[in-house]
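Good morning, everyone, and thank you for making the time. I would like to walk you through one model, slowly, and please keep the structure in view while I speak.

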Amino acid sequence: MYATGKYSSRGPALIPRMKTKHRIYYIALFSVVLLGLIATGMFQFWPHSIESSAEWTLEKGSVHDAPLIRLPASSPIPERGDLSCRMHTCFDVYRCGYNPKNKIKVYIYALQRFVDEFGVPISSTGLSREYNDLLSAISDSDFYTDDVTRACLFIPSIDVLNQNSLRIRETAQALAMLPRWDKGMNHLLFNMLPGGPPDYNTALDVPRDRALLAGGGFSTWTYRQGYDVSIPVYSPLSADVVLPERQPGPRHYFILSSQTAIHREYRAELERLKEENGEALLLLDKCSNLSQGAASARKRCYKGQVYDYPQILQESSFCVVLRGARLGQAALSDVLQAGCVPVILADSYILPFSEVLDWKRASVVIPEEKLSEMYTILKSIPHRQVEEMQRQARWFWEAYFSSMKAIGLTTLQIINDRIYPYAARTYEQWNNPPVVKWSSVNSPLFLPLIPPRAPGFTAVVLTYDRIESLFRVITEISKVPSLAKLLIVWNNQNKSPPEESLWPKVGVPLKVVRTKENKLSNRFFPYDEIETESVLAIDDDIIMLTSDELQFGYEVWREFPDRLVGYPGRLHLWDHEMGKWKYESEWTNEVSMVLTGAAFYHKYFNYLYTYKMPGDIKNWVDAHMNCEDIAMNFLVANITGKAPIKVTPRKKFKCPECTAIDGLSLDQTHMVERSECINKFASVFGTMPLKVVEHRADPVLYKDDFPEKLKSFPNIGSL
Amino acid sequence: MQARKKYVLLGLCACCWLVLFYCGGGVQLRLLRLLTHHRSDVLRPWPNWTDRAYLPRYAHLDELQTDPGSAESPRQRRQAWSTVYRDSRCRMDTCFDFSRCRRRGREGFRVYIYPAEKGDRVSESYRKILTSIAESRYYTPDPREACLFVLGIDTLDRDQLSGQFVPNMDERIRSFPSWNDGRNHLIFNLYSGTWPNYTEDLGFNVGQAILAKASLNTEHFRPGFDVSIPLFSRDHPQKGGERGWLLRNTTPPRRKYLLMFKGKRYLTGIGSDTRNALHHIHNGKDIVSLTTCRHGKDWEKHKDARCDHDNLEYERFDYQELLHNSTFCLVPRGRRLGSFRFLESLQAACIPVLLSNGWELPFSDVIQWNQAVIEGDERLLLQVPSTVRAVPNKRVLQLRQRTQMLWDAYFSSVDKIVLTTLEIIKDRVFSHVSRNRYMWNSLPGGLLVLPEFSTHLAHFPFYYLGLGVSPGHEFTAVIHAVSPLVSQSQPIMKLLQVVSRSKYCSQIIILWNSEKPPPSRSKWPPMPVPLVVTDSRRKVRTTSRFLPHVAIETEAVLSLDEDTVLLTSEVNFAFLVWRSFPDRIVGYPPRSHFWDPLKHAWGYTSKWTNEYSIVLTGAAFYHRYYNFLFSHYLPQSLRTLVDRTSNCEDILMNFLVSAATHLPPVKVAQRKQYKEGTKSAPWANPEHFTQRQECVNTFASWFGYMPLVHSQLRLDPVLFKDQVSVLRKKYKDLERA
């Protein structure tokens, strides 16, 4: 600083003497100043970065190193939770704002240890292992932010999972001390064991202003629908015991009751059921002769016989989960883990994550009053449904119950879905187990519509240089009544399309698009020029399709707008010798593909082909100049789960003179290549989506003994 | 000199900056933060405590497993609840008397309507609601067997300023002998409260009655007890109703306008906050948000600076035109939370963008609204344009189709709205025989899915694709026999052999409907599949062919007349086709309906035509669930009609299936033309044909619309009548003359 100061003070004096050189001089001076600046800057910042990293290492300390906060006795207590709170009244949505990723940001308060005036901690356990797991999981997730100003949701590090270990008043005071508490606005508390003796409230008793509560054991009267989140009571056994997934199916016992603290009225009732139905029921209780402790929690007894818990749960189709003093029971988690269908008897209980999970598919809820009818009710459930429920139960556990991480992130996702409802996960995403997700289809065109005839279809002709044949195709197609537009995709970059005057005169608009590259995928591009939903893809050498055949094809497409409706049919076969798929173009009794050399389909599939084709299939097709039609068949079958429709018996498409079938080429190499395509695509899709059918579509009166001139489509199937 | 000045200035600036740098700590800190800010992307996670393994459990296993249990008897607790949780805290458990619905299933769920009293005026809408209930299969005229009671007094409009307001409600309802503080009563309401606050107050004490109310507020809504219904207009059709406006899935799915609103602006009072702000998002191009102040008597008194300009702009656009041409439609709250606009945009396939905080959406118990509408927040109005702009095309396509699905399943007529309300309540009463959310939210909608049949999704014909399963590989043939067995050469003998030879046939059931007793076992030909003969002589009924016999164990049913002539390969082929279309009827002889403009009625034809909409069930495959639907969904009146005339059962079945699928049946190839019996058969006489004509019209009027759909195609084997060698063909028999 000293040096630069000196230079600048002397500067003006020097100038008269060095008029011509002053420019260089001052530039030099300026650079020195700049360098000085940078140097000081560096000097200033380095130590800071080192300091902050030192803080980081500090945080890798013990829980007991967390700062101690003393709560004054007079420190304010929040109000009791307001039962009328809803997202639009008690939640500050401005903090979440518009967010292109549709993801809320969650901030976690740093750990502090709160003590009262006399130094007694507010909680007997302090931070529990479960709550620590939960916070770690959140901080590792996409939801986490360390920037308190950008956060939409705040999670206190005060552990309130178990109300029994809390001093209620002091905990409430500690909450109110949080720097961003602001009447609990946008704060989320996790609690699994609410209430305490004698009356066991069904929600956390700690006054908490407007904070959201993720609680285990809500009743319908304390749960604020659309605001609170009902969560499971985590079972620590989940982490300790590995129960392998069992195939759904009948089990040794029909009903199992494994809970040890069942009210005697209910136990009497269960025993009565057992008397009536005998061996189908297994009624377990505490083991009287075992010493207390962790071991006793893992054992159950019936008449002196000892069973391992929770393993025994896997031996029953249904497992009873009765309410105790609390509505939420950790047993529910164990039961689900075992793949046993829970029979839940807890009136008014809000089932965990019931906002998004469809419990009817994984459990049976029976009013407590009807406990005596339990056996009859369960017996009336079809076997296949029980198996589905077992699978579903296990899936719920794996996805939403198995760890504190699963519980925490599911809770956040539910809140996220409320704040960005337009990006919410769907019912299927929440409820379908992976195996169903994998095999089921959700067609993008699921509504059963038969679109009106009037808009007609757009014929898209892919051409390279076969002008003569192209013109013949155009002339033929233009006779089809429902043709709305002709779109010629000119795939030849070296040659210009013929002049306008040379094209055949047709009654509909004819448009030529020139492409940048000679790629097969150009035929499936969703050109803006295609204004109808129905697209007829046709090669420039398909000259033999009659106008009746094409019009009929369009009518068939209208009845099946979500399928490929085409003329030449093909089949895929499993080659047992080679152990792979094989392409078949022989005249078989079956069809699983139609060639897009002449096929109707919905324009939406053009989008999918161009932008959503899985893997590298699109590029692969363009590079090999083959199999675009097979790829399209895969795509459509995969997304709709439906087979294509072959229309009319026609087998000759190109030259009337030829005697044999005209394929693109029938030589062996072509077939081998096509077979390779099928194998390649099947591996990219991870499955074989193609569906084989044995039917084709003909007009109702096709070949019937009926005057030809009264038929709508007489000119069909002459060849 | 100029240059020198410049440099001096520069030098000084540099000095000042440096000085600031060293002395001004605040600036320095701010700069520091600026520089380090990017580090917030590198998340500072929750510390990895060194002693995390030693942290205590949140609860001991013992504490979790043996929760102490209160001494209180559960029975006493439940009784105590019903005295505590009443009125505004009502739940089914505490405010509903289940014992009134004790008989299980449909039989137990009966609805009684109080007779209208003299001098009472009932509004058009309420009349429709009552008609719907009275015509539903749940109606009972006997209050003793009722599970649910509906008032005869019009409670739809509880606005004291309205002409339809009925005074003295409290006294009147208390005089009802079975009122019982509203237990098991269902009260319909569309408008509550009055100017200026439009509260949820109905002007009388509903007690423990279930409210089926429009514009319900989440705070007043008693979850699992009340039912939120949509606001519908007086002109809402009683039955059937118009279909949604979406006829085709245009691609790309965007319409001319992105977002539209056209409606009143409230200058004062409740709801004005939102409506007053709507003009902000108007851009005249793709977002059209128009408001007018011109409503009410004294609008000019309150008018503000915007009014004249807004009113002018308002007249430029037509509401119907906007509805047709907009991708999204704003549905802001009015004075009350719900508005007509909601159903209007749902029908128009204009995706509703809700701005109505705290509105409990219609049938929210069962409908997943976030898959059909965009739930906005009144506080975030200005974000709405960017939100809807960011909705990807794929999602628009999906949302739009879903609006149509919901409209068609639950809202298009008063009948559907009322039935949905009843079904929701019934599902609660019989909760283990109820629909799951998947059934409610996928095609064809919950009303057509009867949980009494099964609660298992794979047992229905609608969900195969959604579950990723395929229909079974076997079928049950059900033969309807009416003539006594006298000779071994009767057609039924041949038919039995043909059908039993099919490798897909698992069993054959003969419905013995003749007056003579069924022949002994030995009279039937030997067959490779089990044969069941059911004797329903005592009540010879035409509908009995569609009874859901417990003996039918396969999903597919092949329904046959005794004189049907078929080949095994025809049966096989048709069955394979059915497996591709398990939700439709797949059969052989087609028929068609048409609109006769001269008679202003539907016509029926058995002539050969180029299209068909019915396939006869004298020989057809269909899913066994339709048997159940036929017997339990359709009203007794239609089934009686069929039984009385011994006719039309096949037409009715086609109506039913097409109403569920919105699709035509499937006709498959057949060798010979199906002969409809012999000379003596009843269908030879012309009266039979006239009856069928009448049936079509009676059925159409019960459904409220014409569900039949035409098809122009027939499904043939791939090589049918092809010139290839016969040896190649799998179904060569079909081509033999």
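I will begin with how the chains are divided into domains, and then turn to one interface in chain A.

Please bear in mind throughout that what you see is a predicted model. Chain B is divided into domain 1, covering 92–228, domain 2, covering 257–409, and domain 3, covering 475–719. If you take the centres over C-alpha atoms, domain 2 of chain B and domain 3 of chain B are separated by 49 Å.

Chain A is divided into domain 1, made of 62–233 + 403–417, domain 2, which is 236–402, and domain 3, made of 457–652 + 664–697. Here the centres of domain 1 of chain A and domain 2 of chain A, again taken over C-alpha atoms, are 30 Å apart.

Let us stay with that pair. On the one side, 26 residues of domain 1 of chain A are in contact, and on the other side they meet 20 residues of domain 2 of chain A. Between these two domains of chain A an area of about 1,800 Å² is buried, and carbon and sulfur atoms give 64% of it.

What holds for salt bridges between domain 1 of chain A and domain 2 of chain A? The count is zero, whereas eight residue pairs, both at pLDDT 80 or more, are found in polar contact across this interface.

Which elements supply the domain 1 side in chain A? Both β7 (229–230) and α12 (404–419) of chain A supply at least two residues each, and the largest share, five residues, comes from α12(A). Sorted by class, that side of domain 1 of chain A, where domain 2 of chain A is touched, has 13 nonpolar, 11 polar and two charged residues.

How values were computed
Residues are numbered from 1 along each chain as its sequence is written. Chains are lettered from A and ligands numbered from 1 in the order in which they are written. This is a predicted model: local features need pLDDT of at least 70, side-chain atom pairs count only at pLDDT 80 or more; totals for chains, interfaces and linings use all residues. Side-chain values use heavy atoms; hydrogens and water are left out. Domain bounds come from an automatic or database domain assignment. Contact means heavy atoms within 4.5 Å. Buried area is the accessible area (1.4 Å probe) that two parts lose on being put together, summed over both. A salt bridge is a side-chain nitrogen of Lys or Arg within 4 Å of a carboxyl oxygen of Asp or Glu. A polar contact is a pair of N or O atoms within 3.5 Å; within protein, one must be able to donate a hydrogen and the other to accept it, and residues adjacent in sequence count only if both atoms are side-chain atoms. Helices (H or I, at least four residues) and strands (E, at least two) are DSSP runs, numbered from the N terminus. Ala, Val, Leu, Ile, Met, Phe, Trp, Tyr, Cys and Pro count as nonpolar, Asp, Glu, Lys and Arg as charged, and the others, Gly among them, as polar.
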